[in-house]
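Let's walk through this structure together, with the viewer open beside the text. We will begin with a term, then follow the strands, and finish at a bond between two side chains.

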Amino acid sequence: MAAAATVFVGAASGASYTVGEPGGGWDTQTNLTAWASTVDLRRGDQLVFRYDASAYDVVEVTRAGYLSCSAASPVSAALRTGNDVVRLDGAAGWRYFIYGVEGRCAAGMKLQVRVTDAGAGCNNTLPSPSLAPAPPGAPSPGINICSGGPPTVIMTPGVISYGAAPRSSANLSSSLLVAMVSLLLGIIVV
């Protein structure tokens, strides 16, 4: 008799990204364009802006405001706490942030980020464990493993498959938990 078990472990909410880190922040010394190119932001994630509140602020603006470094028509009220959290909810697409005082934005203190849907780019499908093909018109009975999603462990007698590389420390912790449980059960993860 063949037995199979599937374990799904993931973070309850999106990932958190502190703007400019590691090694930088919301300031004119950090290359914010380069930083933005290193993160894969999804709906539900959050951006954390940490800065000296006596010297800076954060203003979310339209694309036109971003390009012209103008905070004249902000998307929302300026943030000024020095530890501001912006949830990336709503529609997928581009979001724009600038420092609201003239001069610093033009010096590079501005950020544009692309937010994608959580399932965007998910096209890794494992074949179905059953031998029967799916009926015509029915979705594939395979198992989707998506980058950035919760870790997926598929266990069948003698075979273990692991997918979805962790995107945040929360998912990394979940991955470690899955590995520890597997080891406690006497299963070797390859």
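Helices and strands here are DSSP runs, of at least four residues for a helix (H or I) and at least two for a strand (E), and they are numbered from the N terminus. With that in hand, you can place Cys69: this residue is found in the loop between α2 (63-68) and β6 (83-87). Please keep in mind throughout that you are looking at a predicted model. We will come back to Cys69 after a tour of the sheet.

The sheet is a good place to get your bearings. Strands of a sheet pair through backbone hydrogen bonds, either parallel or antiparallel. In this model, 4 strands form an open sheet in the order β3-β8-β7-β5, and the pairing is mixed. The edges are taken by β3 (41-42) and β5 (59-61), each of which has a single partner strand, so one side of each is left without a neighbour in the sheet.

Let's cross the sheet from the β3 edge. Strand β3 runs parallel to β8 (residues 110-116), and 2 bridges connect the two. If you select Leu41, you will find its bridge partner in β8 to be Val115. Val115 also has a place in the next pairing, where Gly93 stands opposite it. That next pairing is between β7 and β8, which are antiparallel and share 6 bridges. Another pair to highlight here is Phe97, which stands opposite Leu111 in β8. The last step takes us to the other edge: β5 and β7 (residues 93-98) run antiparallel and are joined by 3 bridges. Here Val61 has Tyr96 of β7 as its bridge partner.

While you are at this edge, have a look at Glu60, which lies in strand β5. Is Glu60 buried or exposed? Its relative accessibility is 10%, and because residues under 20% count as buried, Glu60 counts as buried. What does the side chain of Glu60 make a polar contact with? The partner is the side chain of Arg95, at 2.5 Å. Setting aside neighbours within four places in sequence, the residues in contact with Glu60 include Pro74, Val75 and Ser76, along with Tyr96 and Phe97.

Now back to Cys69. Its phi is near 55 degrees, a positive value in a residue other than glycine. Cys69 is also joined to Cys105 by a disulfide, with an S to S distance of 2.1 Å. The disulfide count comes to 1. Cys69 sits in the loop between α2 and β6, while Cys105 sits in the loop between β7 and β8, so the bond ties together parts that are 36 residues apart in sequence. The torsion about the S-S bond is about -70 degrees, which means that the disulfide is left-handed. Cys105 itself counts as buried, at 2% relative accessibility.

One more backbone detail deserves a stop. Glu21 and Pro22 are joined by a cis peptide bond, with omega at about 0 degrees. To find it, go to the loop between β2 (16-18) and α1 (32-36), where Pro22 has its place.

Key: Residues are numbered from 1 along each chain as its sequence is written. This is a predicted model: local features need pLDDT of at least 70, side-chain atom pairs count only at pLDDT 80 or more; totals for chains, interfaces and linings use all residues. Side-chain values use heavy atoms; hydrogens and water are left out. Two strands pair if DSSP finds at least two bridges between them. Buried means under 20% relative accessible area, exposed over 50%, partly exposed in between (1.4 Å probe, protein chains only). A polar contact is a pair of N or O atoms within 3.5 Å; within protein, one must be able to donate a hydrogen and the other to accept it, and residues adjacent in sequence count only if both atoms are side-chain atoms. Contact means heavy atoms within 4.5 Å. A disulfide is a pair of cysteine sulfur atoms within 2.5 Å.
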